[in-house]
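Dear colleague,

I am passing on a structure that I would like you to look over before we discuss it. Please have the coordinates open while you read the notes underneath.

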Amino acid sequence: MELTRRKALALGTSALVLTGLTGMPAFASLTEDAITELTGGAELGEGAVSITAPEIAENGNTVPIEVSAPGAVAVTLFADGNPVPAVATFNFGPLAASQTASTRIRLATTQNVVAVAKMQDGSFQKASANVKVTIGGCGG
Amino acid sequence: MASGVKPRVKVPKSASAGEAITIKTLISHKMESGQRKDGDGNVIPRSIINRFTTDFNGENVIDVTLEPAISTNPYFEFEATVPESGEFTFTWYDDDGDVYDTSKKIEVS
Amino acid sequence: MNLKPWIAAALIGTGGIAVAQDNSTLSVEGEEMVTETAAPAHLDNVRTIYSGWRFRTPETQALQMDDFENPAMIFVDQALDLWDTVDGTEGHSCSSCHTDGPEEFAGLHAQMPKVVNGRVVVMEDIINEHRRELMGADEWKWSGPEMQSMVALIGLQSRGMPMDVAIDGDAAPFWEQGKDMYYTRYGQLELSCANCHEDNYGNMIRADHLSQGQINGFPTYRLKQARLISRHIRFRGCIRDTIGETFAEGSDEFRALELYVASRANGLDIETPAVRQ
């Protein structure tokens, strides 16, 4: 079943049920839409961007992430399982020594962190990393 | 006005001309996401730092747009090229209109 | 599927020492910390004590190894500002009298809690008594940001020194009271501190890697709340998690418990302010 944005919103809570059935994060289509808005529907190449993220995040509130996109003008991060997929956009200025940035982000659940880089020639590149977010025991 | 907001930056004291240096920045800020609810079930409105910039002697190094998914006490690490001696200025922009800034000088040989 | 070493060990059921991490050596700003040592003589059921740092993922561990990466240090910075801030009717700041700076308190946190004049005194008591009696200032909220950032600043002066809490003499009856509490089952879940932190450290409770519950790193910056967490508020959280009525911060019960729990870490280095999940 094709999960269009309209259907996803109309389904409401059943979208969360579908997470279990399809294995896809519930807000994946919101992310697709956000990426399309960013790129104007352009093709997304792969291989030029890398994301460093933990395999398992000990707490979803503070997850260290590094993104590297040599030759990029800007990199936008998305979290496809968050209610609001956009995370940050790094615009690199003339004095940036590299197109690399690290930060700490909030992840609501196990999901993919997606990086979309706008390259100097106007093309777009993408990378994604899956991060497992655990729900703690007593301490959690 | 957000209270208790304090920036902290790490910049090397000196570098050679054209060298790439690592800069780390932190600011204490709650980053209220707009997803939480209070005891009565009302949504606590979003109130975050939404933009962070770093300039060196007036030229831009980085300009970051922040969304609510950036963790409390936003942290950024990135690299800058230093062509000459001068001053880095770091600026954070709050949803509530406040602007926080700090600066650090660097000696270039 | 690539399992992390400690998950693999827990599944195999080696119990006890599933603490094998990628990093088992904690070095903070170049100074190596003791995170593993022989248990103090008073512990019957534990042979080796470990810092909570050893049970965390490599990413969490890395946050504590550098004073800029450590998110707690921005609150220590705030305490340094408070140190110089005049407050109260007497018109003093901490620095008015403590002219040598917080360094004067090196070693203090490592011996806290202490028993003075027949009562258990913890760090928050010293600070609030000072404010009330000497500065004519309002007391700070026990687990509030001002208090815990100040406790962290003073605790930092003992970082790298071994925990050394006295359990004999005047301290003995309070220590016994704390020990009783540690082994008492609380709440609907009927769990004692020992059930998790002595019988099951190294195992997983849901997705949490259980530590020995040592408090040598408090106040600790918890990633969950993204702020400094006090010892008493952590005790409150633990007992609340047994689905039980919990004691108050600053209660006599928690003072006695703090004395006992601190003594379980005698020999481990103070890591204040630590980073945990």
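The notes below take up chain A, the confidence of the model, the largest pocket and one helix of chain C.

This is a predicted model, in which local features need pLDDT of at least 70 and side-chain atom pairs count only at pLDDT 80 or more, while totals for chains, interfaces and linings use all residues. Residues are numbered from 1 along each chain as its sequence is written, chains are lettered from A and ligands numbered from 1 in the order in which they are written, and side-chain values use heavy atoms, with hydrogens and water left out.

Chain A holds three helices and nine strands (DSSP runs numbered from the N terminus, H or I of at least four residues for helices and E of at least two for strands), and from the N terminus on these elements run α-α-α-β-β-β-β-β-β-β-β-β. Of the 140 residues in chain A, 49% are buried (under 20% relative accessible area, with a 1.4 Å probe and protein chains only). Among its contacts (heavy atoms within 4.5 Å) between residues at least 6 apart in sequence, 59% join residues at least 24 apart.

As for confidence, the mean pLDDT (the predictor's confidence in each residue, from 0 to 100) of chain A is 85, and 78% of its residues reach 70 or more. Among the elements of chain A, helix H2 (residues 14-22) has the lowest mean, 46, and strand E6 (residues 86-92) the highest, 98. Over residues 11-22 of chain A pLDDT stays under 50, and the model has eleven contacts beyond four places in sequence for them. Where pLDDT is low, the predicted coordinates should not be read in detail.

The largest pocket (an open set of points on a 1 Å grid over the protein atoms alone, where a 1.4 Å probe fits, with protein on both sides within 12 Å along at least five of seven lines; lining residues have an atom within 4 Å of a point) has a volume of about 1,400 Å³ (the space filled by probe spheres set on the points, which are joined across faces, edges and corners). Of the 43 residues that line this pocket, the closest to its centre are Arg106(A), Lys30(B), Arg36(B), Thr72(B) and Gln225(C). H6(C) gives the largest share of the lining, four residues.

Helix H3 of chain C (73-83) is among the elements that give two or more residues to that lining. H3(C) is mostly covered, with eight of its eleven residues buried, including Phe75(C), Asp77(C) and Trp83(C).

Best regards

Conventions: Buried means under 20% relative accessible area, exposed over 50%, partly exposed in between (1.4 Å probe, protein chains only).
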